[in-house]
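Take a walk through this protein, from its overall charge and shape down to single residues. Keep the model open and turn it as you read.

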Amino acid sequence: MPNYDYDVAILGAGTAGMAAYREATKYTDRVALVDGGPLGTTCARVGCMPSKLLIAAAEAAHHVRKAYMFGVNTTEPVIDGVAVMARVRSERDRFVGFVNEAVEGFEKGELIRHYGKFADDHTLELSNGKRITAKTIIIATGSRPNIPPMFEAAGDRLIVNDDVFDWTDLPNSVAVFGAGVIGLELGQSLHRLGVDVRLFGRDNLVGPLSDPEVRDYALKTFAEEFSAHWHADAKVSRSGEKVSVSWSDNPEDKAEFDYLIAATGRRPNLDKIGLENTTLPLTDRGVPVYDPLSGRIGDSHVFIAGDANVDIPLLHEAADEGRIAGENAARFPHSYRRKRRTPLGVVFSDPQIGIAGASYASLIESGIDFEIGEVSYEDQGRARVMGINKGLLRIYAAKDSGKILGAEMIGPHAEHLINLLAWAIQSDLSVDDTLQNPFYHPVLEEGVRTALRKLNHALGFGPNPPLRCIDCGPGA
């Protein structure tokens with residue numbers, strides 16, 4: 001048996017890497033966490049937390065503008081861009097500080113503050129020229145924004161979402177390319193903070209939605225609030241200190257912006273870690289071939305977790321993957337395939353977008369026979385009371401078993417509603433099972449009950465299943 005420097009070496013100290021480290025050190029102290037870049041995780045530095053800070057400011061301004069509908073009259077809110085961004089940066093730095101304290105407070109193993117790359121299957125070459133060896137290695141190098149070559153014409157007016165959170169003031173105008181999670185959240189929040197925003201998407205896609213009914217509702221809803229081109233063949237050029245964007249052959253379909261924000265997805269940080277020096281199996285895109293239930297790459301001693309595997313770039317998924325990879329790497333050659341949690345995603349737009357379990361598209365592709373129950377939130381009681389009555393929820397259930405398979409929605413407080421549905425799916429509940437749960441009145445969750453009742457009816461049962469007996473006699 002070779003004498004390795006460490007039992008486990010982890011490339012990357014983000015969410016997945018930290019989770020892997022915590023798990024691995026339950027079994028061995030001989031763990032190296034290798035990262036030469038800034039600590040703090042993508043979520044804390046440039047992702048979910050600073051974006052929600054910007055969204056919170058935008059929602060505050062939006063609520064002021066909507067106060068009139070309740071008979072509360074006020075003037076147009078004055079946006080102090082400097083103050084808005086000062087809070088974003090300050091709170092962002094606070095979150096990052098907590099993460100840094102956690103990493104630096106690790107009591108076991110070793111934190112190596114240098115970049116690392118493979119020299120061979122068991123050896124990592126550090127950016128200081130030294131080399132370390134490890135019995136097992138975990139790739140948790142995360143991802144970075146993907147920038148299409150067509151945007152290069154924007155020069156220094158081209159930025160990514162990471163750059164937004166370092167602004168000291170808000171610009172006058174931005175062109176946002178990408179109608180995914182990042183593009184929607186940034187575009188709408190900047191619009192509500194008084195920035196002239198124009199959103200450019202492709203293929204009429206919006207966020208993670210695949211259900212055509214929900215997607216079309218979302219397209220219409222967002223287009224009513226800010227300028228959006230859901231399928232634009234745009235051209236980018238530089239015009240002095242501005243970025244010029246044209247989106248058709250009509251000369252009038254052209255505008256200039258202070259910045260172009262590229263929110264066109266992310267790419268894994270795999271191109272600089274020396275994978276070519278290993279015998280690991282790779283796809284045509286250069287991504288390791290791995291088992292998502294164990295994190296193991298092929299039949300090797302190397303594991304992968306988090307955004308680096310280009311699977312589901314979400315914090316809770318990265319943490320789960322990190323824990324699985326950390327356990328398996330530390331207990332190698334024993335490798336366990338762990339059941340994954342129900343898929344769950346939220347876009348913090350307004351209305352919010354949520355998706356749980358199987359998507360509409362995946363169900364169609366799989367050929368599973370399913371029924372749909374839906375509800376509009378436009379006339380839902382609690383939603384109308386609060387003046388947030390925009391939304392559509394669609395829930396899918398298997399025809400043969402009545403089990404809830406998935407849901408897609410756009411609607412008020414979807415972050416909470418979609419969590420409840422994810423729990424129902426995770427618990428393997430049928431529509432009837434879920435309808436046995438209590439629903440208070442008046443709450444937004446009653447809309448979920450309405451959709452479930454319609455779904456139960458579509459499955460061939462009554463829309464209101466009888467409450468189950470505790471002590472019923474024969475034939476009851």
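Charge comes first. In this predicted model, the protein carries 50 positive and 65 negative side chains. The centres of these two sets lie 2 Å apart.

Now the overall form. The protein has 476 residues, and a compact globule of that length would have a radius of gyration near 23 Å. The value here is 25 Å, which agrees. Along the principal axes, the C-alpha atoms fill a box of roughly 80 × 70 × 40 Å. The chain forms 13 helices and 22 strands. Half the story is burial: 50% of the 476 residues count as buried. The accessible surface comes to about 22,500 Å², and carbon and sulfur atoms make up 51% of it. Consider also how the chain meets itself. Among contacts with a separation of 6 or more, 66% join residues 24 or more positions apart.

Go next to helix α6, which spans residues 181-192. Two neighbours in sequence are worth a look there. Leu184 sits in this helix, and so does Glu185. Leu184 is buried because its relative accessibility is 1%, under the 20% cut-off. Its contacts beyond four places in sequence include Gly178 and Ala179, then Leu199, Val206 and Gly207. Phe222, Trp230, Val347 and Ile353 complete the set for Leu184. For scale, pick Arg323: this residue is 139 positions from Leu184 in sequence, and the two C-alpha atoms are 31 Å apart.

Is Glu185 buried or exposed? Glu185 has a relative accessible area of 7%, so this acidic residue is buried. Glu185 touches Ser51, Lys52 and Ile55. The other contacts of Glu185 outside its sequence neighbourhood are Val346, Val347, Phe348 and Ser349. Val347 therefore appears in both lists, touching Leu184 and Glu185.

Follow the chain from there to β18, which covers residues 344-347. Two cis peptide bonds deserve a stop. Most peptide bonds are trans. One exception joins Phe332 and Pro333, with omega at about 15°. Pro333 lies in the loop between α8 (315-330) and β18. Another cis bond joins Asp350 and Pro351, and here omega is about 0°. Pro351 is found in the loop between β18 and β19 (352-357).

Step back to Asn269. This residue lies in the loop between β16 (266-268) and β17 (302-304). What does its side chain reach? The side chain of Asn269 reaches the backbone oxygen of Ser143, at 3.3 Å. Beyond its sequence neighbours, Asn269 is in contact with Thr141, Gly142, Ser143 and Arg144.

Turn now to the loops later in the chain. Ile388 lies between α10 (381-386) and β21 (392-398). With a relative accessible area of 24%, Ile388 is partly exposed. Its contacts are Lys66, Ala383, Pro412 and His413, with residues up to four places away left out. The C-alpha atoms of Ile388 and Glu378 are separated by 8.2 Å, and the two residues are ten apart along the chain.

His413, a contact of Ile388, has its own point of interest. Most residues other than glycine have a negative phi. His413 has a positive phi, near 55°. The residue is found in the loop between β22 (404-411) and α11. At 37% relative accessibility, His413 counts as partly exposed.

Cross helix α11, residues 414-426, to reach the loop before α12 (431-435). Asp428 has its place in this loop. Its phi is positive too, at about 60°. Leu429 shares the loop between α11 and α12. Why does Leu429 count as partly exposed? Its relative accessible area is 22%, so Leu429 falls between the cut-offs of 20% and 50%.

Which residues does Leu429 contact once neighbours within four places are set aside? They are Lys403, Ile404, Ala424, Thr434 and Asn437. Finally, compare Leu429 with Phe303. The two are 126 residues apart along the chain, and their C-alpha atoms are separated by 33 Å.

How values were computed
Residues numbered from 1 in each chain as written. Heavy atoms only, no water. Helix = DSSP H or I, 4+ residues; strand = E, 2+ residues; numbered from the N terminus. Rg over C-alpha atoms; globule rule 2.2 N^0.38 Å. Buried < 20%, exposed > 50% of the residue type's maximum accessible area, 1.4 Å probe, protein only. Contact = heavy atoms within 4.5 Å. Areas by Shrake-Rupley, 256 points an atom, 1.4 Å probe, with all protein chains shown as cover. Charge placed at Lys NZ, Arg CZ, Asp CG, Glu CD. Polar contact = N/O pair within 3.5 Å; in protein donor to acceptor, adjacent residues only side chain to side chain.
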